[in-house]
Amino acid sequence: MIDGYGRTIDYVRISVTDRCNLRCVYCMPEEGVSSISHEEILRFGEIERVCQILAENGIQKIKLTGGEPLVRRRLPELAAALKRIPGIKSLTITTNGVLLEEMYDALADAGVDSVTISLDTLDASVYRQLTRRDEIEAVRRGLRTAIQKGRMQIKINCVPVLGIEEQKLLEVAELAKNHNVHVRFIEMMPIGMGTQFAFVKEDALKHALEEAFGTFIPCGDVAGNGPCHYFAVPGFQGRIGFISAVSHKFCSECNRIRLTSEGFLKTCLQYDNGVELKTILRGGGTDEDLRRAIGQALA
Ligand code: SAM
Ligand code: SF4
């Protein structure tokens with residue numbers, strides 16, 4: 001699919017729930033998001049139907065996300081169904097890792113190719129401060145399971161928060177030294193609760209990391225990197241990457257759309273533009289109706 005700006009769109013991120021078992025300070029208020037009722041959330045069959053149409057029109061990659069995707073019941077069943085859709089080459093998941101240990105094998109069996117674990121610090125007290133929950137041990141176990149079993153590629157997402165020295169970003173980066181995992185530093189985006197925090201600029205962080213680990217060498221060998229630019233680091237098994245929506249804007253290369261848990265197809269993370277697919281899905285709309293609505297939103 002080509003959008004109105006001439007960009008090829010081949011990637012959809014699907015939020016399977018708004019709920020989460022953490023309360024990261026830059027993402028959710030302490031009380032959580034207002035829980036949308038069960039009936040408002042797209043059912044698996046509805047998500048599958050939308051993905052089938054998207055795949056017929058050029059979408060090749062699906063990311064399952066949230067909220068926290070692993071809190072959605074029977075998620076591996078959805079993953080397996082999506083992976084079977086002709087044309088879908090890659091199925092990935094982004095998780096906070098709290099439930100990963102127990103769900104790891106079911107996700108790998110379902111055909112999930114890659115798991116991204118969000119982990120902003122290895123320090124237990126900073127983790128508690130940032131996520132408002134005491135779950136770092138569960139995340140560590142999830143990461144350990146993922147490394148030991150090695151059935152899915154592993155990436156780590158880390159959002160540096162300005163002013164929290166104890167976040168110890170060098171320690172997070174070292175996960176890529178000691179293991180075959182890619183560590184990506186994400187600039188805090190001024191969306192939602194993120195507007196209340198100052199972000200750490202990529203260039204400043206890269207400089208600090210290079211002082212500690214040596215010169216970073218740009219590399220393009222990580223598949224499905226999207227807006228992330230990666231570097232090889234001497235002596236590191238994995239890569240270090242940066243996703244810098246603020247200091248290195250990448251809108252012109254954007255290749256993705258988003259399906260919210262309530263069935264709204266969003267064409268940009270930053271704006272509310274898009275199309276309501278749930279009303280078509282539940283109002284007796286045909287596949288052609290869905291295709292037309294998606295095409296109009298992209299245009
Ligand atoms: N709950 C899952 C998780 O945390 O991995 C998936 C959803 S979460 C919204 C996806 C990613 O977005 C996480 O890596 C999180 O750190 C990141 N994120 C959330 N709010 C952000 C913000 N304001 N700026 C940049 N990244 C953010
Ligand atoms: Fe939950 Fe992920 Fe948001 Fe943290 S970033 S509150 S884990 S959805």
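**Exercise 1. How much space lies in the largest cavity, and which residues line it?**

*Solution.* Keep in mind throughout that the model is predicted. Begin with the volume: about 40 Å³ of space lies in the largest cavity, and the count of cavities of 30 Å³ or more comes to one. Next, read off the lining, which is made up of Pro160, Phe185, Ile186, Glu187, Val200, Lys201, Glu202, Leu205, Phe242 and Ser244. Then place these residues on the chain: the elements that contribute two or more residues to this lining are β6 (182–186) and α8 (202–213). Finally, sort the lining by class, which gives six nonpolar, one polar and three charged residues.

**Exercise 2. Decide whether Ile36 counts as buried or exposed, and describe its surroundings.**

*Solution.* First locate the residue: Ile36 lies in the loop between β1 (11–15) and α1. Ile36 counts as buried because its relative accessibility is 15%, and the cut-off for buried is under 20%. Now look for partners, leaving aside neighbours within four places in sequence; Ile36 is then in contact with Asp18, Arg19, Ile41, Ser261 and Glu262. One of these partners, Asp18, stands 18 residues from Ile36 along the chain, while the C-alpha atoms of the two are separated by 7.7 Å.

**Exercise 3. Find which residues touch the most other members of the largest nonpolar core, and examine Ile14 within it.**

*Solution.* The largest nonpolar core holds 94 residues, and those touching the most other members are Ile14, Leu64, Phe185, Ile240 and Leu277. Helix α1 (residues 44–56) supplies the largest share of this core, namely seven residues. As background, nonpolar side chains tend to be buried together in soluble globular proteins. Turning to Ile14, and not counting residues up to four places away in sequence, one finds that Ile14 touches Ile47, Cys51, Ile62, Lys63, Leu64, Thr65, Leu82 and Leu259.

**Exercise 4. Describe the lining of the second largest pocket by class, and then do likewise for the shell around ligand 2.**

*Solution.* Start with the pocket, in which about 400 Å³ of space lies. Its lining consists of 16 residues, and Val16, His38, Ile41, Arg72 and Arg73 are the ones nearest its centre. Sorted by class, the lining of this pocket has six nonpolar, four polar and six charged residues. For ligand 2, the surrounding residues are Cys20, Leu22, Cys24, Cys27, Met28, Gly67 and Asn96. This shell divides into five nonpolar and two polar residues, with no charged residue; to arrive at that division, remember that Cys counts as nonpolar and Gly as polar.

Conventions: Residues are numbered from 1 along each chain as its sequence is written. Chains are lettered from A and ligands numbered from 1 in the order in which they are written. This is a predicted model: local features need pLDDT of at least 70, side-chain atom pairs count only at pLDDT 80 or more; totals for chains, interfaces and linings use all residues. Side-chain values use heavy atoms; hydrogens and water are left out. A residue is near a molecule or strand if one of its heavy atoms lies within 4 Å of it. On a 1 Å grid over the protein atoms alone, a cavity is a set of points where a 1.4 Å probe fits but cannot get out, and a pocket is an open set with protein on both sides within 12 Å along at least five of seven lines; lining residues have an atom within 4 Å of a point. Grid points are joined across faces, edges and corners, and a volume is the space filled by probe spheres set on the points. A nonpolar core is a set of buried Ala, Val, Leu, Ile, Met, Phe, Trp, Tyr and Cys residues joined through side-chain atoms within 4.5 Å. Buried means under 20% relative accessible area, exposed over 50%, partly exposed in between (1.4 Å probe, protein chains only). Helices (H or I, at least four residues) and strands (E, at least two) are DSSP runs, numbered from the N terminus. Contact means heavy atoms within 4.5 Å.
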